[in-house]
Amino acid sequence: MTTLSATESSAIPDLPSAGVQTREVQVTYDDRIVRRFILASAIWAAVGMLVGLLAALQLAFPDLNLAPWLSFGRIRPLHTNAVIFAFVGNMMFAGIYYSTQRLTKARMHDALSKIHFWGWQLIIVAAAITLPLGISQSKEYAELEWPIDIAVTLIWVVFAANFFYALYKRREKHLYVALWFYISTIVTVAVLYIVNNLALPIMSGVKSYSIYAGAQDALVQWWYGHNAVAFFLTTPILGIMYYFLPKAANRPVYSYRLSIIHFWALVFLYIWAGPHHLLYTSLPDWAQSLGMIFSIMLWAPSWGGMINGLLTLRGAWHLLRTDPVIKFFIAAITFYGMATFEGPLLSIKAVSALGHYTDWIIGHVHTGALGWNGFMAAGLIYWLVPRLFGTKLYSKKAADAHFWMATLGILLYAVSMWISGISQGLMWRATSDSGRLTYDFLETTRSIWPMYVMRAVGGFLYLAGWFILLWNVWKTVRSGKATDVTVTATEVIKSTAPKEAHWAHIVFAPPLALTYMLIIAMGVYFLTDIIGAAIALGFMAFIFILTLMVMGNRNPALGGEHVHRVLEGRPLIMTILVTIAILVGGVAELVPTLTISKAVPLTQETSDGVAQTPYTPLELHGRDIYVREGCYTCHSQQIRPFVWEKLRYGSPSVAGESRYDHPFQWGSKRTGPDLAREGTNAGKSAVWHYQHMIDPRSTSKGSVMPAYPQLETDKIDIDDGALKLSAMKTLGVPYTAENIANASLLTELQGKQIQALLAKDGIDLPWDSELTAVIAYLTRLGKQPDDPIGELMGQTSASSQAPAGTQAARFPGAPTAMGAASAGSPAAATP
């Protein structure tokens, strides 16, 4: 009996047909690029985790916010971007380049590989510089501003060209399952990143505003945010699992058919699930329901992949006792199973009502990041580095110590966040028999402080384990020598290659043809009832995936082969089908939201007023500072329709209240309270906001918010006001030419009004300080005055400070909305 190699068992090469001529060729793999990416990953991981540890310590000990560029709001996005794009990104590229060359028997393009590596590292450095400086779009996992976004897009195109170049030059006809996952990653990340990061730059610098606003921006962002996790942190790592686990265990993948089901179901279902991040918000109910339903459906393919991975180790479980690589891989797959159970659980509305905005979500995210991505990376590094340097791992005992230290760190982290998050959810909703709230927000913050300390301890243990890995890798590299592998491959002479089946015979195979007919039928319905059709179209398209799952029937038109088997030999067709699978969900959710007025009722009234009107120039300055300081990382601006939230914050939010927010500021975490109605709180005046910004704990005992004394002396650029209003006007905000021409004058007038108000309490604050602008923005949130800019224009004219004719410039067609205080981020009542 012949034993198949681990990565060949599910892609058995065909014997040459009669008349086909072959030749032997020598192929030297480019392992230098793999060495560069894997070592970069190990180093950037330590940097990203170190920043994360600092952020965790700042939440427990806020005095550790030592400088503006080291404040929590700025380094939190630095931490997430470093871990996602620097750590996991470099690890992903290393695994893809190593496995793709061996699965295709083709060398990557040397020049493209170098451009990819150095371009990606420059992007990481640019992020490491700009994010601490507060240059941010404020969209989670997409904070980088437009010049860096362009660079990311270009380098991703280089990566894609390099990968598909290898597929084109391949000497193995059929694509192994790992390559399927790589294709889905390349295609989907490109679509997600471009669509979500569309923005209008401001000519004065790197600042830009998202082309989307409010509920529309929220849906696009979490369509991206959820699927960035899916197609950057999950699908490529699953591809790496399908290649490296069988290699490490010297066992074939458990089930080829299960891998087909796992791949197509995951690729199709994942793209629909983003709205589960927005349950009970002012996003339309139909979109929320779609997100919840498809999230629950994700349980099946996710666990199918987990089972396929774990059962690959059948007959080799003894390796868990002796091989640290297997320990890390199996633990990673186990954490993948846990995270993909918890994710759908949290997408159920009743569970989301408790867990959303709490630390439970933080625990869930880190279970996946530290357990799934981190352990897969560690296993990959321990397996790859000795082979890349022609030696053995320096110390298995050190690797074992790393494993147990990291496992303990994850458990401490996850358990502390579970306890903290559930405590927050229960305390926020607790009411007395008289119908009053039982706990003040800060009481909750003080009660979970021990969990923040425990979280930091867990993070420290995980980081300490990683430094053991760095030492072990260093010693391993020192003991060996960089080597590139050369193999002999059999190549078919193209002039003698057999004729391939016509593409139509694959694309229109009987099972698929029925699916297309159903999709077309739903398309007709789509034209008459867009929202109902979006749901129906999604389920009809799912039949497309089910069809692919059962494409094991032999087709005479394909030479008696299985449809999927033939598809594996046609990368272009597979890429097109993957693109269709991911676009169906995106189009069905995004198109109605972005184009159909009834899908998002932007003019809906609230009990406190009507829909939003544009910000004044000074308020817009303040909002940009709010974004720069990362206030959205700790504050939400979205009140859910629960009794306890109405008691604490005011009436529930509706879509129309944020229709001019480019980008939206709904937030995803409440380390501090919600700010959507903060301006209606009579107890939080401009003086309160000033004191809270300078020293948060002077007004809010137990607050963990950083202090922002520098805002008192830092000045806004008044001339930028006209540029900002002009950009917003381009995006559809109804500013007039007169508003834009008088932007500087309006800024000065409102600033001096706030200055005079504070002067009554003996506070001398310059009218053009950044703190004045922040106070203007915070005291705007939640109130709906009629045409505040018109009022300012009228005051300007009355005091003879404006040119003739600048009386009450109104916003055509805009209802109301400007003015409110918010104990918000940088300053708000952030505990």
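The protein chain exposes about 30,000 Å², of which carbon and sulfur atoms supply 65%; accessible areas come from the Shrake-Rupley method with a 1.4 Å probe, and for residues only the protein chains shown count as cover. The model is predicted, so local features need pLDDT of at least 70 and side-chain atom pairs count only at pLDDT 80 or more, while totals for chains, interfaces and linings use all residues. Residues are numbered from 1 along each chain as its sequence is written, and side-chain values use heavy atoms, with hydrogens and water left out.

Of the 831 residues of the protein chain, 63% count as buried (under 20% relative accessible area, against over 50% for exposed and in between for partly exposed, with a 1.4 Å probe and protein chains only). The chain has 31 helices and eight strands, taken as DSSP runs numbered from the N terminus (helices H or I, at least four residues; strands E, at least two). Among contacts (heavy atoms within 4.5 Å) between residues at least 6 apart in sequence, 83% join residues at least 24 apart.

In soluble globular proteins, nonpolar side chains tend to be buried together. A nonpolar core is here a set of buried Ala, Val, Leu, Ile, Met, Phe, Trp, Tyr and Cys residues joined through side-chain atoms within 4.5 Å. The largest such core has 167 residues, and Trp 120, Phe 375 and Trp 466 touch the most other members. Helix H2 (residues 72-104) gives the most to this core, with 17 residues. When residues up to four places away in sequence are not counted, Trp 120 touches Phe 85, Asn 90, Phe 93, Ile 115, Val 152, Ile 155, Trp 156 and Phe 232. A second, separate core of 43 residues includes Ile 718, Leu 746, Leu 765 and Leu 778.

The structure holds 24 salt bridges, each defined as a side-chain nitrogen of Lys or Arg within 4 Å of a carboxyl oxygen of Asp or Glu. One of them joins Lys 139 to Asp 217, with the closest N and O atoms 2.8 Å apart. Lys 139 lies in the loop between helix H3 (110-130) and helix H4 (146-168) and Asp 217 in helix H6 (residues 214-232), so the pair ties together parts that are 78 residues apart in sequence. Lys 139 and Asp 217 are both buried.

Glu 491 and Arg 171 form a salt bridge through their side chains (2.9 Å, N to O). Because Glu 491 lies in strand S4 (residues 486-492) and Arg 171 in the loop between H4 and helix H5 (177-196), the pair ties together parts that are 320 residues apart in sequence. Glu 491 is buried at a relative accessible area of 16%, whereas Arg 171 is partly exposed at 25%.

A salt bridge also joins the side chains of Lys 669 and Asp 359 (3.0 Å, N to O). This pair links distant parts of the chain, 310 residues apart, with Lys 669 in the loop between helix H24 (643-649) and helix H25 (686-694) and Asp 359 in helix H14 (residues 359-388). Lys 669 is buried, with a relative accessible area of 8%, and Asp 359 is buried at 1%. Elsewhere, a network of salt bridges links Arg 74, Arg 628, Glu 629 and Glu 770.

Two further buried polar residues were examined by contact. Arg 623, in helix H23 (residues 617-628), has a relative accessible area of 1% and is buried. Apart from neighbours within four places in sequence, Arg 623 is in contact with Tyr 615, Asp 661, His 662, Pro 663, Phe 664, Gln 665 and Tyr 777. Ser 769 is placed in the loop between helix H29 (743-759) and helix H30 (770-778) and is buried, with a relative accessible area of 0%. With the same neighbours within four places left aside, Ser 769 is in contact with Leu 711, Glu 712, Asp 714, Lys 715 and Ile 716.

At the surface, Tyr 254, Trp 303, Ile 307, Leu 311 and Phe 341 make a nonpolar patch of about 430 Å². Patches are made of residues with over 30% relative accessible area and no salt bridge, like charges being joined within 9 Å and nonpolar side chains (Val, Leu, Ile, Met, Phe, Trp, Tyr) within 5 Å. Helix H10 (residues 299-311) supplies the largest share of the patch, three residues. Tyr 254 is in the loop between helix H7 (235-249) and helix H8 (256-270) and is partly exposed at 38% relative accessibility.
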